[in-house]
Structure formats: structure tokens, C-alpha cells
Amino acid sequence: MRRFIPRLIRFTSVLSVIFGPTAAMAAATLPTPTPVSVVAPATEQPKRLNTLKVHGASEIDRRLAALHDAHEKLKVSTKLATADKTVIIVQLESETKALSHYKDQLSAETDLGYARRDVQLVINEYAPYMLALTRGRLMASTDRTMVAADQVQTLLDKSQKALELAQVQNKDTTELTGHISRLRDVMTEARLFYQSIPTKIITTKPTDYTTDYTALTVYASNLHSARTDLRVAREEIDSIITAISILKSATPSPSPSASGSPAALPSTTPLAPPAGP
């Protein structure tokens, strides 16, 4: 959350320069302000109005771009429940509509007092915007994690079949069998982290910024743990596949009990981790 605070400070500092310290002290929880007449020299008002419009439009465009990116990633998701995905998409679209309205309204203003009111509305909208964006990004990241988990599971199942074939050929697969068993436990642990995240995200409501954002941060941490487990699993499966290949090319033993030491897992270059959120 810290990375967003400087942006808000920079935005409100524009108000301080144009209207004085009192404007920069506006809080995001304040009600919609009543337009006031701003007394300024006639030659200064157009300049101040234009500066306010430029900075206001820039901040709105930044938010709209972030919302659009989250929206597009959710649209192409494949593992999320349709109902859950729809809830988040509707919220992103609602926030996009609100910010677009503020942008059009600010652009049309000819009075400095009304433009100042529009900018305050944008500042007040920061908390709902951040919650919508965080929920959207986290939901899309969960979908990508589910896709990666399916890919790792497929590789693990193929390794299991190859190992079973090696056993038929009287290869000693004791150590490799233990590795695969442990990896299945890793996959189960990862699943516990990410499977419940979509439901938890849906239950957060944009009514208490601090509480909801804290909860979303915890869910993001859980998702990171799941992705770490998947990355480790992919690296070890790569080693297992190489070890099975070496084992199958070796001279077969008369029986598993007479085969000597099991094949050791060779050192391999780790596979690239799943795409980040």
C-alpha cells in the first residue's frame, strides 16, 4: 500500500500550490464538497484552472489504465468461477464509469471553484478505486496460479507413469518414488493456499478501506506461498524426469533388490517459474 501513498501526496500537493495548504489537507473520507467561489485575479484564474484540469486528468487516466489492465486479464481467465469473475468485473466497470464521469465533468468546467470540487471528488474516490483494483489484480493472479498448478500436476502425473514403466523393467525406483510422493504433498499444500482465495476476495466489501485492504494483503501473501510451492515442484519434477531417463538407459538389474543404490537426482537448471501476477 505504501507505493500508492506518494502518488496521492503528489496529487494533493498540486492543490497546495494552487489553493494553499487547506486544499492539500482534504481527506478521502470527506463528503462531497459544496462548490465555492474562488477569488483570484482574473489573469490568474485561467492558468490555475488549466493546471488543475491537466493534473486531474493525468491522475484519472492513470487509474483508468490500471483498471483496464485488470479488467482485460480477468476477461481471459479460465479457472475462476463465472459468478465470482462477474462480481469483480462489474466492480471494475463501475469504478471505471465513475472516474470517466469525473474526467468529463472536470474537462467541461469553466469555473475554478467547480473544478476544485471535481478534483476533491477524485481524491475521495481513491479508496474505492484501490480496493477495486486490488481485488481485480488478485483475482486474475489467482487464475494464473490455478493454470500453473494444472500444468505442474500434468507433469507430475507423467513422471509417475514413467516411473511405473521403469518399475516394470526391474529398475530400482525407491528414491524417485519417495520424491514423487513428497511432491504430491507439496501440491496439496499449494492447493490449500489458492483454492479459497476467490471466495475470500468476494466477501470483502468496499466499506472499510483499512480492514479490507489488510485482508487482501494477507490473501496476496497466501497466493505468493502457493506460487513458491509450485515453483519448487516444477524444479524437482525436472530433476525427476532427468533421473528417470538415466535410469531407463542403464543396464537392467535382475530384480529390484539386487540393483544396488538407487539413481540419484542429477543437478539441473531450474525451470522458469510461472508467470507473475
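Mentor: Angles under 35 degrees count as roughly parallel, over 145 as roughly antiparallel, 65 to 115 as roughly perpendicular and the rest as oblique. This is a predicted model, where local features need pLDDT of at least 70, side-chain atom pairs count only at pLDDT 80 or more, and totals for chains, interfaces and linings use all residues. Residues are numbered from 1 along each chain as its sequence is written, and side-chain values use heavy atoms, without hydrogens and water.

Trainee: How are α5 and α6 placed relative to each other?

Mentor: The axes of helix α5 (residues 112-124) and α6 come within 5 Å and cross at roughly 40 degrees. Axes here are lines fitted to C-alpha atoms, for helices over the stretch in contact, with angles from 0 to 180 degrees between N-to-C directions. The two helices, α5 and α6, are therefore oblique.

Trainee: How far apart are the end C-alpha atoms of α6?

Mentor: Helix α6 covers residues 126-168, which is 43 residues. The expected span is 1.5 Å times one less than the number of residues. For α6 this should be 63 Å, and the distance between its end C-alpha atoms agrees: 63 Å.

Trainee: Which helix supplies the largest share of the largest nonpolar core?

Mentor: A nonpolar core is a set of buried (under 20% relative accessible area, 1.4 Å probe, protein chains only) Ala, Val, Leu, Ile, Met, Phe, Trp, Tyr and Cys residues joined through side-chain atoms within 4.5 Å. The largest has 54 residues, and Leu-74, Tyr-129 and Ile-201 have the most contacts inside it. The largest share of this core, 17 residues, comes from α6.

Conventions
Helix = DSSP H or I, 4+ residues; strand = E, 2+ residues; numbered from the N terminus. Buried < 20%, exposed > 50% of the residue type's maximum accessible area, 1.4 Å probe, protein only.
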